[in-house]
Amino acid sequence: MGDARLLHVNLKGRNGVVTLTVRDNGVGPGGPPSLAAFERNGRRGLIGMNDRIEALGGTLNLSTPQRGGLQVQVTLPTGDRNE
């Protein structure tokens, strides 16, 4: 992974849920991204983030965009249905 030159960040809230999506155009993980693969490679940052997100009732999902790179999407409940 690495060599990213662009970073796209999107934050939106709707129906009591906030979603943060961060996508880069780097090399990517070289296969389907998973938290276990990051942990095996000694990269524990996403593991710690996932633990905190789950404690708040949210989810963290990893994917690889068609053009390469890595996409991290975090979804958290806000408790406010009026958004």
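These legends accompany close-up views of a predicted model of one protein chain.

**Figure 1. The whole chain, with two helices and four strands.** To get your bearings, follow the chain from its start: the order of elements is β-β-α-α-β-β. Along the principal axes, the C-alpha atoms occupy a box of roughly 40 × 25 × 15 Å. Of the 83 residues, 25% are buried. The chain exposes about 5800 Å², and carbon and sulfur atoms account for 48% of that area. If you like contact maps, take the contacts between residues at least 6 apart in sequence: 53% of them link residues at least 24 apart.

**Figure 2. The hairpin of strand 1 and strand 2.** Strand 1 (residues 7-14) and strand 2 (residues 17-24) run antiparallel and are joined by eight bridges. One pair to look for is valine 9 with its bridge partner in strand 2, valine 22. Two residues lie between the strands, and in this turn asparagine 15 has a positive phi of about 50 degrees. Strand 1 is hardly covered, as the number of buried residues among its eight is zero.

**Figure 3. A nonpolar patch on the surface.** Here Leu7, Val9, Leu11 and Leu20 form a patch of about 390 Å². Strand 1 is the main contributor, giving three residues. Leucine 7 belongs to strand 1. Why is leucine 7 called exposed? Its relative accessible area is 60%, and exposed means over 50%.

**Figure 4. Strand 4 and its two pairings.** On one hand, strand 4 pairs with strand 2 in the antiparallel sense, over seven bridges. Within this pairing, glutamine 73 of strand 4 stands opposite threonine 21. On the other hand, strand 3 is joined to strand 4 by five bridges, and these two strands run antiparallel. Leucine 62 has valine 72 of strand 4 as its bridge partner.

**Figure 5. Threonine 78 beside the hairpin turn.** Threonine 78 sits in the segment that follows strand 4. Its C-alpha is 5.0 Å from that of glycine 16, although the two residues are 62 apart in sequence. Threonine 78 counts as partly exposed because its relative accessible area is 35%, which falls between the 20% and 50% limits.

**Figure 6. Helix 2 and what covers its buried residues.** Helix 2 spans residues 45-55, and its residues Leu46, Ile47, Gly48, Asn50 and Ile53 are buried. Their cover includes helix 1 (35-40), strand 3 (59-63) and strand 4 (71-77). Just past the end of helix 2, look for glycine 57, which has a positive phi of about 85 degrees.

**Figure 7. The largest nonpolar core, with eight residues.** Its members are Phe38, Leu46, Ile53, Leu60, Leu62, Leu70, Val72 and Val74. Helix 2, strand 3 and strand 4 each provide at least two residues of this core. In soluble globular proteins, nonpolar side chains tend to be buried together.

**Figure 8. Leucine 60 and the residues it touches.** Which residues does leucine 60 touch, leaving aside those up to four places away in sequence? They are Leu35, Leu46, Met49, Asn50, Ile53, Val72, Gln73 and Val74. Among them, Leu46, Ile53, Val72 and Val74 are listed with leucine 60 in the largest nonpolar core. Asn50 is one of the buried residues of helix 2, and Gln73 is the residue opposite threonine 21.

How values were computed:
Residues numbered from 1 in each chain as written. Predicted model: local features only at pLDDT ≥ 70, side-chain atom pairs only at ≥ 80, totals over all residues. Heavy atoms only, no water. Buried < 20%, exposed > 50% of the residue type's maximum accessible area, 1.4 Å probe, protein only. Pairing = 2+ DSSP bridges. Contact = heavy atoms within 4.5 Å. Patch = residues over 30% accessible without salt bridge, like charges linked within 9 Å, V, L, I, M, F, W, Y side chains within 5 Å. Areas by Shrake-Rupley, 256 points an atom, 1.4 Å probe, with all protein chains shown as cover. Salt bridge = Lys/Arg side-chain N within 4 Å of Asp/Glu carboxyl O. Core = buried A, V, L, I, M, F, W, Y, C linked by side-chain atoms within 4.5 Å.
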